[in-house]
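Thanks for asking me to look this one over. My notes are below as numbered points, in the order in which I would walk through the model with you.

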Amino acid sequence: MRCLGNGNKECIMRKMEELVRSNCHDGRLVSKEVADKVRELVHELWLVSDDVFRCELLKMLRGLGVSKRWVRGALRMYGKDLDNRWFTKCNIEWG
């Protein structure tokens, strides 16, 4: 959250990658509170980012093996908006 407060998106991406690699985003493997904080961080980053950075974020999460369902929940996009708008815009194939 300190990186987010400073506006250092590269720092945020590094920290987020560390959290996902450590499975801190998965409530089945860590406490629900930790997983919720990771989702909150992803959501906050999404809100303050421009379109280019949002595409980088989605590509990073896909590359780390995060499920599309988890991303939808973190970004609070439960309809097809994520698929139809962002995956198309960012040229992402996410099966």
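Which residue does a disulfide join to C55? The partner is C90, with an S to S distance of 2.0 Å. Please keep in mind throughout that this is a predicted model.

1. **The disulfide.** A search of the whole structure turns up one disulfide, the bond between C55 and C90. It ties distant parts of the chain together: C55 sits in helix α4 and C90 in the segment after α6, 35 residues apart. The torsion about the S-S bond of C55 and C90 is about -75 degrees, so the disulfide is left-handed. As for the surroundings, C55 is buried because its relative accessible area is 13%, under the 20% cut-off. C90 is buried as well, at 4% relative accessibility.

2. **A neighbour of the bridge.** E56 also belongs to helix α4, which covers residues 51-63. Is E56 buried or partly exposed? With a relative accessibility of 42%, E56 counts as partly exposed. In sequence, E56 and C90 are 34 residues apart, while their C-alpha atoms lie 8.4 Å apart in space.

3. **Helix α4 itself.** This helix has 13 residues, and the distance from its first C-alpha to its last is 18 Å, close to the 18 Å expected at 1.5 Å a residue. Its buried residues are F53, R54, C55, L57, L58, M60 and L61. You may want to check R54 on your display, as this arginine is on the buried list. The cover over the buried residues of α4 includes α2, α3, α5 and α6. Just after the helix, G65 takes a positive phi of about 85 degrees.

4. **The nonpolar core.** How many residues make up the largest nonpolar core? There are 30, and L57, L58, L61 and V71 have the most contacts inside it. Helices α2 (9-21), α3 (32-48), α4, α5 (68-75) and α6 (81-89) each supply at least two residues of this core. The biggest contribution, six residues, comes from α4. L58 is a good place to centre the view: leaving aside residues up to four places away in sequence, L58 touches W46, V71, L75, L82, W86, F87, C90, I92 and W94. That list includes C90, the cysteine bonded to C55.

5. **The aromatic pairs.** Two aromatic pairs are found in a search of the whole structure. One of them is formed by W46 and W86, in an edge-to-face arrangement with 5.0 Å centre to centre and 75 degrees between the planes. This pair links distant parts of the chain, since W46 is in helix α3 and W86 in helix α6, 40 residues apart. W46 is buried, at a relative accessible area of 3%, and W86 is buried too, at 0%. Both tryptophans are among the residues that L58 touches.

6. **Salt bridges within a helix.** The count of salt bridges comes to six. In helix α2, R21 pairs with E17, the closest N and O atoms being 2.8 Å apart. These two residues are four apart in sequence, about one turn of the helix. R21 is exposed at 58% relative accessibility, whereas E17 is partly exposed at 27%. In helix α3, E40 and K37 meet at 3.9 Å, N to O, and they are three residues apart, again about one turn of the helix. Here E40 is partly exposed at 32%, and K37 is exposed at 54%. If you apply a stricter distance rule, note that the 3.9 Å of E40 and K37 is just inside the 4 Å cut-off.

7. **Salt bridges beyond one helix turn.** Which residue forms a salt bridge with K89? The partner is D51, with the closest N and O atoms 2.7 Å apart. K89 lies in helix α6 and D51 in helix α4, 38 residues apart, so to speak a link between distant parts of the chain. Both ends are partly exposed, K89 at 43% relative accessibility and D51 at 33%. Finally, K68, R72 and D83 are linked in a network of salt bridges.

Notes: Residues numbered from 1 in each chain as written. Predicted model: local features only at pLDDT ≥ 70, side-chain atom pairs only at ≥ 80, totals over all residues. Heavy atoms only, no water. Buried < 20%, exposed > 50% of the residue type's maximum accessible area, 1.4 Å probe, protein only. Core = buried A, V, L, I, M, F, W, Y, C linked by side-chain atoms within 4.5 Å. Contact = heavy atoms within 4.5 Å. Disulfide = S-S within 2.5 Å. Expected span 1.5 Å × (residues − 1). Phe/Tyr/Trp six-rings, centres within 6.5 Å; stacked < 30°, edge-to-face > 60°. Salt bridge = Lys/Arg side-chain N within 4 Å of Asp/Glu carboxyl O.
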